[in-house]
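Open the model in your viewer and set it to show both cartoon and side chains. The tour below moves from one selection to the next.

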Amino acid sequence: MTHSTPEAAQAQLEAHLREIIHWHFSPETGSPFWLNWAAKAGWDPRSEVHTVADLQKFPHFQDEWLRDLQPEVWVPKAFAGRPFNIFETGGTTGMPKQRIGWEDYKTDYSEFSEKISDEHFPRNHFWLMMGPTGPRRLRLAIEHLANVRGSSCYFIDLDPRWVKRLISNKQFDQAKAYMDHVVDQAANILKHRKVSGLFTTPKLLEALAERVDIWDAGIRGVFCGGTTMLPQYVRFIVEEVLENRIGFYPTYGNTLMGLAASVPLTPEDQYSITYYAPQPRAILRVVDSENTAKTVDYDAWGRVELTTLTKEFFMPRFLERDEAIRRKPRGQYAWDGVAEVRPFGAMQKNIVEGVY
Amino acid sequence: MDSLPHLPALRRGKPYESLEKTDVLDHSTGKVVAQVSQVNAGILKKDLQRIGEARAALRKFTVAELVEISSKAGEFFLNGTLPLGDRGHTQSADDYVRTLSGTSGLPHVMVRRNMAKIHYALTHVQTVLNGLTRGLPFDVIDRGYGEQSGAAVSYYPTTQALGLVMPSNSPAVNSLWLPAVALKTPVVIKPGREEPWTPYRLIQAFIAAGAPAEAFGFYPTDHEGAGEVMRICGRALIFGDANTVAQYRDNPKFSVHGPGFSKILIGEDAIDQWPQYIDLMVASISDNGGRSCVNASAVVVPRFGREIAEALAQKLGAMAPLRSDDEGAKLSGFANPKMADYIDGAIEEGLKTPGAEDVTARHRSGGRKVIFEGGTFLQPTIVHCDSFSHPLANREFLCPYASVVEVPEAEMLSVIGPSLVVTAVTKDPAFTSQLLDSPLIERLNLGPISTMKISWDQPHEGNMFEFLYRRRSIERAE
């Protein structure tokens, strides 16, 4: 969705916000969790939340709620009786965060389809996804994206939880062997099948390109996500792995938000990628980690805060485990962007990202 | 011209400016003196896929021509004004001395001594190769086969490139890789974070002397990148601590350079004359700021241990930090003050075990760790240990440090452990014979010779020729 001005985008966002708040906090449509929450909180968001600024009245969403509670507490009454997908987040061990859903992923990825070119992802062809499938939303989302473009998709799974465990235990040989195993399978598919579009993580892309000439293998577009991509690394991918001739679409996203697309890089960007949330369905803010009510200045670093606003899922002010640079609205995106996303505290400590 | 020099990566000789750069800082003022482009491991992997081109560029030259180029490079390195980075800067020899001194903490006089060593190594590559190959005619390497002492010989290269993960502590360690160029082996260098200067200047000197630029890779990179240098290059030199040495020692791909644990042993027949050898001990412990693996880190004697420790402490205790341009400067500052903290802490921790005394503490002014004109220094430390099993008896630190331990001569060789250099002051034939038989000693100095003395025609830490070439059996039909 495009907006000509930030004001128009803001107005559209706030109208959507009011609709979503009304939906989740009305007994006729809302979920057990939010109705109970409002009853205990002693205030009615429907009468007090009208603007994005009013979202500050909510505390930060607690990720334990997605771990500890049964998934059915999140079912809006309007969806009652409809089986739902249960999606799990990233690569941690222990009980994962779970988000339920029905159509959101299709909405996100149908919209994203409009942002990738037919030159790089020819319609009515074949895709390959090499990355975390399993219980992740991404698995169905990529297949949907291929499907809406008339294409079908091959899948090679990578279990990021296992990779993280191997790296945490310093079993680097095992981690490498597992990565080789994943890349072997992808190379095999590329050798024997016609594939033009690829979704993978940056590290797996690099490893695959060491094994296979991916241009000669038919790949014309790469859609990437999953880990930190600092400018020099992006440049390396664009110039040396994709050799400036394969389309590169970095994205930032997760099961809780959906998909934040990046704007096409220009020379002035110096390979610094800026992502824009799929507003109005999600809002990304870059906040002061010491005072999260405060949004940092443009071009300053801060912690990423996510608010998800769909009829299927409401999640206010969730503090991601990421930090980023706040960027100004740009191009088709009339709202703030987040750039150079990396794990929160990455400058202070080593964080296991592995291949995911 | 931009005022701050920028050292690009050199990808088979071609400059590459990365979007990620690190600052190189003056060790005393903290001022940024240069920026260095950092590359990721993927770039190394990409480039090393085409390393055969670098080798082909060197193969166009004969060994004799490359020896000549090395010699000219030695002159350029010692005296020349050479390109410094990609922003129009140049570096004279004096600039190099000042800059390296500023960022490493080595006094000018020590940088010059290191320069002289490197210059000697480059201008004597012929001698070095003769020593390493035991007189193999160079055309055998050019052609791949030939004759030596009437026998057919053939040698083949073991690798397309020599990987180097360099330390920051002492510029002269670069002399170890210099023969590789004449042996037609491209080098892939990951410089030490605080010492990019010497490898960069050496590369520029080689290029100025006529060597093909594509034979040189200069890749400032992270831990992962260093791992790729070691993994992909068929042969690599690694510098590290005892753990690193233990990890790679038995792998023929690697030539591992760790702590030397070099020692001075005095035999029963010479111990009564110990005062004569105090200056030898002082020089062996403290030359080059005590930073070399060939610095003595233990003095093992049958008697007079306490007296010797006291005499050494008196002499070394007088050594204090001086300005870096003082010709009398003997101590080196630390580019990374945390390293000084670590060493100071490790010695203090060791002293908690009964049976050791920091004898220098009574003779020096101030503590072991001192701040002088903004730089961090460690003053010399002599620890008297009552047994070689004391945790401080066989340690090596990046400063003038040595233990003095009494051990009966008959037990010395069973307790000293692996030692890069042993200077044994003895004329006793039986003890000499035991020393010559010992597999624990890499280089043996018989008589009062500083542990710091290096013979370039004899390998003291692995043989570069045997590392880079392997002999095969050959027969040719007439």
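A residue counts as buried here if 20 or more other C-beta atoms lie within 10 Å of its own, with C-beta atoms placed from the backbone. Keep in mind that this is a predicted model.

**Stop 1: a strand in chain A**

Select residues 301–309 of chain A, strand β12. Eight of its nine residues are buried, so the rest of the structure largely encloses β12(A).

Now add residues 282–288 of chain A, strand β10. β10(A) and β12(A) pair in the antiparallel sense, over six bridges. To find one of the pairings, pick Ile283(A): its bridge partner in β12(A) is Thr307(A).

Next add residues 314–327 of chain A, strand β13. β12(A) and β13(A) run antiparallel as well, joined by seven bridges. Pick Gly302(A) and look across to β13(A): Ala324(A) stands opposite. The two strands β12(A) and β13(A) form a hairpin, with four residues between them.

**Stop 2: where the chains meet**

Show both chains. Eleven residues of chain A and eight residues of chain B make up the contact. On the chain A side, select α9 (202–211) and α10 (231–241), the elements that give two or more residues to it. Which of them gives the most? It is α10(A), with six residues. Color this side of chain A by class: five residues are nonpolar, two are polar and four are charged.

**Stop 3: the domains of chain B**

Color chain B in two parts. Domain 1 takes 6–258 + 460–472, and domain 2 takes 262–446. Their C-alpha centres lie 30 Å apart. Across the boundary, 20 residues of domain 1 are in contact with 22 residues of domain 2. On the domain 1 side, select α4 (93–104) and α5 (108–123) of chain B, the elements that give two or more residues. α5(B) gives the most, with four residues. By class, the domain 1 side divides into four nonpolar, 13 polar and three charged residues.

**Stop 4: a helix with a buried side**

Select residues 51–59 of chain B, helix α2. Show the side chains of Ile51(B), Ala54(B) and Leu58(B), which are buried. These residues cover an arc of only 50° around the axis, which puts them on the same side of α2(B). Add residues 41–48 of chain B: this is α1(B), and the buried residues of α2(B) pack against it.

**Stop 5: the nonpolar cores**

The largest nonpolar core has 166 residues. Those with the most contacts inside it are Leu208(A), Val222(A), Leu162(B), Leu164(B), Val187(B), Phe206(B) and Ala236(B). Center on Val187(B). Leaving aside neighbours within four places in sequence, its contacts include Leu162(B), Leu164(B), Trp177(B) and Phe216(B). Another core lies apart from the largest one, with 59 residues. Among them are Phe261(B), Ala313(B), Ile343(B) and Leu392(B).

**Stop 6: a cysteine in a loop**

Finish at Cys233(B), in the loop between α10 (223–232) and β13 (235–239) of chain B. Is Cys233(B) buried or exposed? It is buried, because 26 other C-beta atoms lie within 10 Å. Not counting residues up to four places away in sequence, Cys233(B) touches Thr159(B), Ala161(B), Leu162(B), Gly163(B) and Val188(B). Draw a distance from Cys233(B) to Val188(B): the two are 45 residues apart along the chain, yet their C-alpha atoms are separated by 8.0 Å.

Methods
Residues numbered from 1 in each chain as written. Chains lettered and ligands numbered in written order. Predicted model: local features only at pLDDT ≥ 70, side-chain atom pairs only at ≥ 80, totals over all residues. Domains from an automatic or database assignment. Contact = placed C-beta atoms within 7 Å. Nonpolar A, V, L, I, M, F, W, Y, C, P; charged D, E, K, R; others polar. Buried ≥ 20, exposed ≤ 12 C-beta atoms within 10 Å, placed from the backbone. Arc of directions from axis to C-beta. Pairing = 2+ DSSP bridges. Core = buried A, V, L, I, M, F, W, Y, C linked by C-beta atoms within 7 Å.
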